[in-house]
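Open the model in your viewer and keep the selection tool at hand. This tour goes stop by stop.

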Amino acid sequence: MLLRSGAVKVRLRHSSRARCLRLVLVPGVGPELVVPSRTGTKAIDGALTTLAPWLERALARQLPGALGLARAGVAWHAGEEVPLRLVTAKRASAGWSVGALEVRAPDAEEAAPALERWYRSSARAALEASIERQAPAIGVAPATVAVRDQRTRWGSCSSRGTLSFSWRLLLAPAWVLDDVVCHELCHLRVANHSQAFWGLFASHRPAADSRPWLRAHGSELAAYRPADSIGTP
């Protein structure tokens, strides 16, 4: 279903008890169009067109506000903000320490690159763990996994079997990262976005759809700079 904010997948469910067509938002599943048995395609298409404005407003109400990534003294991991502590040290590094992310560096100028290196390293670990959990069930194995700073595509799959992901997925909730990973793993089986692809994807992620979340927060993730957390210009 095409809305002004982008394409939205609507689940179709035929019901012998339904007396009319209705569109509902099912928690954990998303939009679902319930139609009486034997409802024709023309009536279904007409209902989707008529109900599109309602769905647009309903989805907008569900989307949370800005995350607030660009705040000094705060880092982000798996969709949660964590305290960020700066410690003066001769060598720049970063790591967990007593419930906070500790960035050690000679000065603030070197602290930002150290934080970004930590983000990239942690993102790789989270992405590889997600691949290890999901790939066997899909029956695939990527040739290579690359972690980059791509900001227009959260993940991609090359014809040679290389999966590429943005390290910024580490800032998003874990289920969003898992959703993107599953999407790209499914592309190792089906290279396009055909019905076969979406059927494969839905069979492994039946109750998740990261696209609304990424539409709402993707620009904020893309604009974030580790220097924002350090408090440097």
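## Stop one: a hairpin turn

Select Val 98. Val 98 is exposed, with a relative accessible area of 78%. Keep in mind that this is a predicted model.

Now look at where Val 98 sits. Its place is the loop between strand 8 (93-97) and strand 9 (100-105). Strand 8 and strand 9 run antiparallel, and five bridges join them. Select Trp 96 next. Its bridge partner in strand 9 is Leu 101. The hairpin of these two strands has two residues between the strands.

Go back to Val 98 and check its backbone. What is the sign of phi at Val 98? Phi is positive, about 50°, although Val 98 is not a glycine. Why stop for that? Most residues other than glycine have a negative phi.

## Stop two: another positive phi

Select Ala 78. This residue lies in the loop between strand 6 (74-77) and strand 7 (80-88). Its phi is near 55°, a positive value in a residue other than glycine. Is Ala 78 buried, partly exposed or exposed? Ala 78 is partly exposed, with a relative accessible area of 29%.

## Stop three: a glutamine in a loop

Select Gln 150. Find it in the loop between strand 10 (144-148) and strand 11 (155-157). Gln 150 is buried, because its relative accessible area of 17% falls under the 20% cut-off.

Show the side chain of Gln 150 and look for backbone oxygens around it. Which ones does it reach? A polar atom of the side chain lies 2.9 Å from the backbone oxygen of Arg 153. The side chain also reaches the backbone oxygen of Ser 164, at 3.4 Å.

Now display the neighbours. Leaving out residues up to four places away in sequence, Gln 150 touches Gly 155, Ser 156, Ser 164, Phe 165 and Ser 166. Ser 164 therefore appears twice at this stop: in that contact list, and as the owner of a backbone oxygen reached by the Gln 150 side chain.

## Stop four: the cysteines

Colour the cysteines. How many disulfides are there? The count comes to zero, with sulfur pairs required to be within 2.5 Å.

Select Cys 186 and Cys 182 together. The sulfur of Cys 182 is the nearest cysteine sulfur to Cys 186, at 4.1 Å, and Cys 186 is in no disulfide. Cys 186 is buried, with a relative accessible area of 0%.

Finish on Cys 20. Cys 20 is partly exposed, with a relative accessible area of 47%.

Note on methods
Residues numbered from 1 in each chain as written. Predicted model: local features only at pLDDT ≥ 70, side-chain atom pairs only at ≥ 80, totals over all residues. Heavy atoms only, no water. Helix = DSSP H or I, 4+ residues; strand = E, 2+ residues; numbered from the N terminus. Buried < 20%, exposed > 50% of the residue type's maximum accessible area, 1.4 Å probe, protein only. Polar contact = N/O pair within 3.5 Å; in protein donor to acceptor, adjacent residues only side chain to side chain. Contact = heavy atoms within 4.5 Å. Pairing = 2+ DSSP bridges.
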